[in-house]
Amino acid sequence: MSGYDVIVVGAGPIGSTAARYAAMHGARTLMVEDHSSIGSPVGCTGLLSTRAVSECDIEPSDDFVLNSVRGAFVHPMNGKILTIDGKKTKAYVVSRKMFDRRLAAMAIDENVELWLNTRATGIETSGRKQKLSVVREGRPEAIEANVIIAADGVRSRIAKMTGLGNVKKILPGIQIEGPYHSDNSDFVELLVGSQAPGFFGWTVPVNDSVSRIGMAVDPEYCTNVFQVLEKLLTRNTHVASRYGGGKLDLVMGGIPLGPLENTCSDGVMVVGDAAGQVKPTSGGGIYTGAVCAKIAGKIAAKAAAEEDCSAGFLLEYDRKWRSEIGKELAMGMRIHNFIGGLGDDELDELIASMNNPTILETITRYGDMDHPSKLIKKMLHPSRSMHMIKVFRAFAKAVL
Ligand SMILES: Cc1cc2nc3c(=O)[nH]c(=O)nc-3n(C[C@H](O)[C@H](O)[C@H](O)COP(=O)(O)OP(=O)(O)OC[C@H]3O[C@@H](n4cnc5c(N)ncnc54)[C@H](O)[C@@H]3O)c2cc1C
């Protein structure tokens, strides 16, 4: 049986980052990936904040960046569009396939061994060495490591098998890529209210004539996301008049909301979507997952070096990632619950009240895709006008 310091299950962006950090900190690291190709199939819109890209230690480049975005047109049900202009590049639209491959290549550069077409099927944890059963290119095999990092996505098999469980709330998401005439390809469009119940819909321009059009919904308010997307594409006057028909790509996936209560046990750590380290306001998981993956990789290497892989030792990972992003995720969850519970009229009213030069200026200055709490705190600062405080009072009551 071959032995490693660290084995990472899943070569998505978060697995590759965790593996790279483990290797950079001296661990002999193996990463196993179920699929035979990195970055495929894709389950993502590929809208990454500039901070998310730099958190992954990459410079934006034409290899994976398809477009840059500086703002959003928010479309409520009453059709009165709110324009939020960040005035400079706030996010990139990326090819997730190329992005994921870049991260995997960076891991390999740090001497991470990568086995494709290898599915983890079982795990036995016992003190210093953990045994992972895999099916590698059709043949069963067992491998050992001091620490196993589960980066195997939203329905993590490893987290489930080790008793850490899976995230309880998963929003179904669906997206197509297709011909779409954007009014301005520097802006995404966000469609809120009952056109995407409980979450939101989007059009994200790849260029002037092609966009990714999709939505995620809250299963509490909507049971058939396919139908709702079809309705958006064909009956929403704004979208239908710009959509050229046909689908170049169809993406489906689940967005986990709310992190696991516990993300480590003896010899095992859970990271990324598997751990629910995703922003509940946007469903984005690359920035938050990368922050946590770096911590996980580093602590896994330390545990292997010190030959202590007990849950008590690995708990440092849990503590550290929660101190980095835990509060932001918790507030994001409260914002999600509050907004999701508003009726169309209330949401129309909230959005209309934001259509005010002072508020828009504050959003431009302090709006942050990765840290929405920064903006909320600015909005509620006593120096702000009574109008702003009034607008956000109910909101603040619910989320702070
Ligand atoms: C519709 C949709 C749109 C999204 N848009 C955005 C966006 O615009 N921006 C953003 O930041 N986030 C977005 N997300 C979220 C983002 O895609 C995830 O947060 C991100 O992919 C998480 O990365 P990960 O590495 O944790 O998991 P994944 O990317 O899911 O990777 C997990 C990997 O583990 C492998 N695996 C699973 N089980 C096993 C096994 N047993 N053995 C071996 N390998 C296994 C899988 O094949 C996969 O390669 C979106 C999600 C959805 C569903």
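Begin with the shell around the ligand in this predicted model: its residues divide into 15 nonpolar, 17 polar and six charged. To display the shell, select the 38 residues that surround the ligand. Among these, Gly10, Gly12, Gly253, Gly272 and Gly285 are the closest.

Next, colour the elements that contribute to the shell. At least two shell residues come from each of α1 (13-24), β3 (47-49), β9 (118-126), β12, β16 and α7 (286-305).

Now colour by domain. Select 2-43, 98-167 and 258-325 together as domain 1, then 65-93 with 169-255 as domain 2. Both domains give residues to the shell, so the ligand lies between them.

Turn then to the open sheet, which has seven strands. Following the order β6-β5-β13-β14-β15-β12-β16 takes the viewer across the sheet, where the pairing is mixed. At the edges are β6 (82-85) and β16 (249-257), each of which pairs on one side only. From one strand to the next, the twist averages 20°.

Zoom in on the β6 edge. Strand β5, residues 71-75, pairs with β6 in the antiparallel sense, and four bridges join the two. To see one bridge pair, select Gly71 together with Asp85, its partner in β6. In general, the strands of a sheet pair through backbone hydrogen bonds.

Finally, select helix α5, residues 225-235. This helix lies across four strands: β12 (169-179), β13 (187-191), β14 (200-205) and β15 (210-216). With β15 also selected, the viewer can follow α5 running at about 140° to that strand.

Conventions:
Residues numbered from 1 in each chain as written. Predicted model: local features only at pLDDT ≥ 70, side-chain atom pairs only at ≥ 80, totals over all residues. Pairing = 2+ DSSP bridges. Axes fitted to C-alpha atoms, helices over the stretch in contact; angles between N-to-C directions. Contact = placed C-beta atoms within 7 Å. Near = placed C-beta within 6 Å. Nonpolar A, V, L, I, M, F, W, Y, C, P; charged D, E, K, R; others polar. Domains from an automatic or database assignment.
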